[in-house]
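These are my notebook entries on one structure. I record below what I looked up, entry by entry.

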Amino acid sequence: MEHEDWRKYKRTIEIFEKMRETGLDPTLSKGLEFDEFTCSTVISACGREGMLDEARKFFADLKLSGYRPGTVTYNSMIQVFGKSGVYVETLNILKEMKDNHCVLDVVTYNEVVAAYVRVGFHDEGVAVIHTMASRGVTPNAITYTTVINAYGKARNEDKTLKVFGQMKELGCVSNVRTYSSVLAMLGKRSRPEDMINILHDMKLNGCLPERATWNTMLVVCGEEGKQKYVNQVLREMKISRYEPNKDTFNTLISAYGRCGYEVDVAKMYGEMIMVGFTPCITTYSALLNTLARRGDWNFHNKSYFLLVFQALDVPMDRLVEAADSASWLTWKIK
DNA sequence: TTAGGGTTAG
């Protein structure tokens, strides 16, 4: 069997397993008892495996067998095709859903919003929010976060904040995902004051940043000239009594490194060791890249290399290992 | 049973 066929075979088996779990026997072609559970489970499983044709076929057969798909089944179809980026097909399914007088719920609309913004139609996504509200379906945090995140990724600061503000005005409560999306955008746009304000707002609402929220902020601030913001974020982390893990230190080292702040890189490395975390390849690579940013630095001239790393007590063998694993040498010596 | 984000080198 060809590799691709084998993979497909395995996927099919997985889906059959799913069907059995939900009480549906895939080997029977007639007399099946379909319900919303089984249908949406199978469609979602197909979607996760990238089997769009199978999802289409299953859906078509379902209807041929006389089953009338309900909201959840339609929602899962909209999700699968929305995720695949075929938004025209997504809209067709939505139309069919309406034609069949199937109830559109908040999940339906959220999927449609996601389908629009996924292909870059942000304003159309926002328009859906208005449509759903006018049809009596209240947008929730997921609805707003979907467009906030999309505008944020597009670096559209004004619209991100506008939607965030509207959400608040309408009494929809932000959660950690909403805040994380706004914070990531503000970091990218060099708006540290606003970032700190949002962090305070979060705390007021009893919403704690997650590990990745902090990491994201550090990553987006890790750019030339942004070390002040990294400092700010670090300060807030301490105020929030956030307990750093190894990843936090690696992220901090690389963020300071990309800002060109070697002193703080060294400080973070020292602190990492002090609190008992063992540096790994990523740590050493981050250190190497910090030095590689220096235009006057050359691998063949090992003086600076030795000076800095000896001062940090960096084990040379680990450093060489890191350089090898990241093809760092070939990248640097060119 | 269906919906949103984020995690370190270059």
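Entry on Val86. I looked up the accessibility of Val86 in this predicted model. Val86 has a relative accessibility of 30%, so I class this residue as partly exposed, given that this class lies between the limits of 20% and 50%. I then located Val86 in the loop that runs between helix 4 (71–83) and helix 5 (87–99). I also took the C-alpha to C-alpha distance from Val86 to Arg118, which is 9.9 Å, with 32 residues of separation in sequence.

Entry on the second largest pocket. I noted a volume of about 160 Å³ for this pocket. Which helices each supply at least two residues of its lining? I found helix 13 (227–239), helix 14 (246–259) and helix 15 (262–274). Helix 13 contributes the most, with 3 residues. I listed the lining as Leu234, Met237, Lys238, Tyr242, Pro244, Phe249, Leu252, Met268, Glu271, Val275 and Phe277. By class, I recorded 9 nonpolar and 2 charged residues in this lining, and no polar ones.

Entry on cysteines. How many disulfides does a search of the whole structure find? The search returned 0. Cys221 is accordingly in no disulfide, and its nearest cysteine sulfur, that of Cys259, lies 7.6 Å away; the cut-off for a disulfide is a sulfur pair within 2.5 Å. I next asked whether Cys221 is buried or exposed. Its relative accessible area is 0%, so I entered Cys221 as buried. For Cys102 I read a relative accessibility of 12%, and therefore entered Cys102 as buried, the limit for that class being under 20%.

Notes
Residues are numbered from 1 along each chain as its sequence is written. Chains are lettered from A and ligands numbered from 1 in the order in which they are written. This is a predicted model: local features need pLDDT of at least 70, side-chain atom pairs count only at pLDDT 80 or more; totals for chains, interfaces and linings use all residues. Side-chain values use heavy atoms; hydrogens and water are left out. Helices (H or I, at least four residues) and strands (E, at least two) are DSSP runs, numbered from the N terminus. Buried means under 20% relative accessible area, exposed over 50%, partly exposed in between (1.4 Å probe, protein chains only). On a 1 Å grid over the protein atoms alone, a cavity is a set of points where a 1.4 Å probe fits but cannot get out, and a pocket is an open set with protein on both sides within 12 Å along at least five of seven lines; lining residues have an atom within 4 Å of a point. Grid points are joined across faces, edges and corners, and a volume is the space filled by probe spheres set on the points. Ala, Val, Leu, Ile, Met, Phe, Trp, Tyr, Cys and Pro count as nonpolar, Asp, Glu, Lys and Arg as charged, and the others, Gly among them, as polar.
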